[in-house]
Structures are given as C-alpha cells and as structure tokens.
Amino acid sequence: MRKRIGAALLSMALAASLTACGNSGGAPEVTSEGGQTTASMGEQTTAASAGNGDTTNTKLRIMSMQQPENPEGPIEREIADAFMEKYPGVEIEWIGVAANDMSKKLSAMAAGNDLPDIITTPTEMVSAAYDMGILMDLKQILPTEFLDDFYPEVLAQTTVNDQLLILPYQGMNAALLYRLDWFEEEGLDAPENWEDFSQAAKTLTKDTDGDGKADRWGFAMMATRNASAESRFLYITRSFGVKELWQDTDGTWKTDVGNEAFKKALGMFCDFALVDKVVAPGVLETGYGEAANLVVAGKSGMLITGSNAVGTIISQNPDLQGKLASCPIPMGTEHVSDPREVGYSISSSCQNVELAKEYLMFVCQKENLAKWTEGAGRVPTMKSAQDLPQLQTPEMEGFVAGSQYFYERPKHSGYVEVQDVIGEAYQSVLSGNATVDEAASTAQEKVEEIIESYE
C-alpha cells in the first residue's frame, strides 16, 4: 500500500508539473481553458455566508479550479450563493487553486490530513486518487435515479473499479472551432477529414497586408509540452485509431504509440508547421492561451479545443459573436471527442456528507447547468438538459455532436507520464532534433518503459 500511495503522489505531482510547463509568453488576454490554466494564482480563500441571522453556521469547504478563472469563478459563486439562500446558515469557504497547482495542492492536503469537503478533482488524477483512498464513492451517496440521468459514457471517465469518484456535471466537449464567416467567404464547408482540414488551412492562410509574408494562418496549433497541448495532439492520433494506452483481455497494458498510424498522425501534425506553413510562428511556445488569442485577434481560423473556448473568445472579442461555428474533429479513420469533464468529488474526510450531497445535486439543476452553458460554453452531461436553447447554436453544434464520439481515457496511474512522452515526440520533430521515425521509435520505447514500471 505504501508503494501504491507513493506512486500516486508522484503521479499527482507530475500532473501538476506537466500542466504548468511550456505556456510562457504570448498575449495575456486568454490565460486559461477551465480545466487548464497558464498562470498560477496560488491559493485564494474566501468565505461567503447567507448572513440572514441563522447561527447554525455549518461550513462546507470547497477547493475549486474554477474560482481563479473568469467567467467560471463568478458563475460558480452565483450558484453557491443561491444554495446558501436555500440553506440559511450554511457557509461556503472557497479554496481557489489554479489548475496548474491543483495536483500538488491536493496531494499536499491529503498528506497533511486537511482535505476540504468538496474538490474539483482533475480527471487525470482519478486513478491516483483512487490509489490513495481520498475520495468517496458517489454511487453510495447519490440517488440511483439521479445518476441515471447522466450519460454513462461520461460517468465511466471518472469511475475506477466501479467507484464513481467525480460527478462530471459539465463537459468541455472537444471539437473544431472555426471562423464561419471566413469559411463562407472562401466557399468552404466544415472539414470532414484531415485532407479537407489541410486544404481549408491553406486557403485561410493569407498575406493580408501585401508585404509578401503571411500574417493570418489557418490553424491555431498548440505544440507546447504540457497536458493542454498534448491532449489536442492525442485527439489527432485517436482519430487515426491510435490508442496511447490500452488494456488487453489478460489485464496487461499495451500501447499503439510508434506504429504506422501514429507516425502518419505525427508527420501530418508537424507538417502543418514545417511544410504547409499554415501555423503562426513560435508554435513550440503556443499553448491554449496563445492559440485562443490568435483567434481572438483574427489571426487564425481554426482551433481544436473544448467548448469553453467559445465563451472565452467571444468575451474577449464580442465582434466574433455570430462569426464562429464548430464541427466534430476531422477524421483520419474516425471522429473522436473527449468530454473533458469537470466535476466535484466528496473527500473521504468530509464531515458534512449529507450537505455535500445536496450541494452536488443543487449544482446539477437544469437552470444552473444553463448558466454554465450560456456564460462559459460548457456542455451539460445530463440527458435531461440537452434541450437547452443555449446549446442550439452554430458555435455549440460541433461540441454537442461530440457526445456521440467519446472514447474512454485509459485509467492508468502513469497516464500523465505517457502524455509527456507524446509531447516530447512532436517537439523533437518540430525543433528539427528528430525525424518522425526516430521520434516515434523513442516514444514507443519510453511508453513501454512506463507501462513496465507500473506492473
């Protein structure tokens, strides 16, 4: 058990370092993507209470990655304020932690036996959290009929050994966001496959000021070495049928990294920058914030992202309202999407389990889910909320369609280490330090070593 907990703590700490790596530079306007941030704000603790004279003074401590963010933080507090109005005397104490710091902060609090009642647990930490035993099984707490309203494919993402450790009440479904007005001007249709995508990217890349150099690009490509950019690349490899980790029928873990399909995806990805020149300069330093800012500034026409980018981009440039649309991620052999779910856990040391349960269910009321969609572009994960008018727009269409293309992420304690190997592979090719074949071979060896180290 000591070895398992040690490995879990290491994995959680690595998750923090990978998420924080490589997002320096670039314009400052867009610095986060809900589940990923590019600037640490440290811990922010704010107490809010109903203040209506009730002296019950029951406190819920909630550690949230959304509190330091805008518009996520204000939306979360608005919903919490409504909860406190419903339950006079209840006080919510916020522990706001930037996503880059969440893994390290959570592991430190677990080691110090100081876990809050409710946690927005990063989904990449779910296996490590299970090993540590720091989260309650929500199947034992929440009503069955309530859980039955969630898409089972989404619940599966946060379930380990039949224990539901995170309630994923909202998603940031992955899709392709694009400039609809530019596509219409050029007579382009939404790309169905990567050949369509490549052609569209070339068409949208232009020299708009006539100085002989491109100053507008087709693809806002992320190639930093962190979890945010690495996850985008994995959507591409997945679209070619590549599984970075998979479990055989005998329980052993294996990888497709390094096979011919992986090489094809890697080569295509790097060619966008090296050969096609449809990517803005500085791609090795382009993370989510920089890529989103390219769209905000009218410098790029396509972005692989979660749905939350819609709200972020339009809030920074309201003139883009009505000029964006989304479609499923182009296929190599298949469309893919990831719910990129966000949800709450109840810690194993929670002293107010019944109240925590009520809070989770309150957050999932339809009118509260609508606030997340309208304000932050989040996609509800409950079937009863799919008729929200906020979802029926060109901007959200592709993200909503992504629900039918979800794949289940591997629940392996070394998953974040595998992601880092993937990031190293595309960076080595883009920087000219390796060929596609060399980078693929090295990545395969390293992933196989990771698998072996956890056996």
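Select Cys327 first: this residue is buried, with a relative accessible area of 5%, where buried means under 20% relative accessible area, exposed over 50% and partly exposed in between, for a 1.4 Å probe and protein chains only. Next select Cys350, which is also buried, at a relative accessible area of 8%. The structure holds zero disulfides, a disulfide being a pair of cysteine sulfur atoms within 2.5 Å.

The model on display is predicted: local features need pLDDT of at least 70 and side-chain atom pairs count only at pLDDT 80 or more, whereas totals for chains, interfaces and linings use all residues. Residues are numbered from 1 along each chain as its sequence is written, and side-chain values use heavy atoms, with hydrogens and water left out.

**The whole chain**

Display the full protein as a cartoon. It has 17 helices and 15 strands; helices (H or I, at least four residues) and strands (E, at least two) are DSSP runs, numbered from the N terminus. Of the 455 residues in the protein, 58% are buried. Contact means heavy atoms within 4.5 Å, and among contacts between residues at least 6 apart in sequence, 78% join residues at least 24 apart.

**Helices α9 and α10**

Select residues 227-239 for helix α9 and residues 260-274 for helix α10. Two packed helices are described by the angle between their axes and the distance between the axes. For α9 and α10 the angle is about 130° and the axes are 9 Å apart. Axes are lines fitted to C-alpha atoms, for helices over the stretch in contact, and angles run from 0 to 180 degrees between N-to-C directions. The two helices are therefore oblique to each other; angles under 35 degrees count as roughly parallel, over 145 as roughly antiparallel, 65 to 115 as roughly perpendicular and the rest as oblique.

The crossing of α9 past α10 is right-handed. A crossing is left-handed if the near helix is turned anticlockwise from the far one by less than a right angle, and right-handed if clockwise. To see the contact, show the side chains of Phe233, Ile236 and Thr237 in α9 together with Phe262, Ala265, Leu266, Met268 and Phe269 in α10. These contact residues divide into seven nonpolar, one polar and no charged. Here Ala, Val, Leu, Ile, Met, Phe, Trp, Tyr, Cys and Pro count as nonpolar, Asp, Glu, Lys and Arg as charged, and the others, Gly among them, as polar.

Continue to Lys277 in the loop between α10 and α11. Lys277 has a positive phi of about 55° although it is not a glycine.

**Helices α11 and α12**

Now select α11 (residues 288-296) and α12 (residues 308-316), which pack at an angle of about 55° with their axes 10 Å apart. They are therefore oblique to each other, and α11 passes α12 in a right-handed crossing. On the α11 side, Tyr288, Ala292, Val295 and Val296 meet Asn308, Ala309, Thr312, Ile313 and Gln316 of α12. This contact comprises six nonpolar residues, three polar and no charged.

Keep α12 selected. Seven of its nine residues are buried, so α12 is largely enclosed by the rest of the structure. The buried ones are Asn308, Ala309, Val310, Gly311, Thr312, Ile313 and Ile314. Their cover includes β8 (174-179), α11, β12 (300-306), β13 (324-327), α14 and α15 (394-401).

**Helix α14**

Move to α14 (residues 366-376), whose buried residues are Asn368, Leu369, Ala370, Trp372, Thr373 and Ala376. The elements covering these buried residues include α2 (72-86), β7 (167-171), α12, α13 (353-363) and β15 (379-380). Just after α14, select Gly377, which takes a positive phi of about 70°.

**Backbone features and a distant pair**

Go to Asn70 and Pro71, which are joined by a cis peptide bond with omega of about 20°. Pro71 is found in the loop between β2 (58-64) and α2.

Then select Asn161 in the loop between β5 (159-160) and β6 (163-164). Its phi is near 50°, a positive value in a residue other than glycine. At 57% relative accessibility, Asn161 counts as exposed.

For the last stop, select Glu153 in helix α6 (residues 152-157). Glu153 is partly exposed, with a relative accessible area of 44%. Add Glu408 to the selection: the two residues are 255 apart in sequence and 7.4 Å apart in space, C-alpha to C-alpha.
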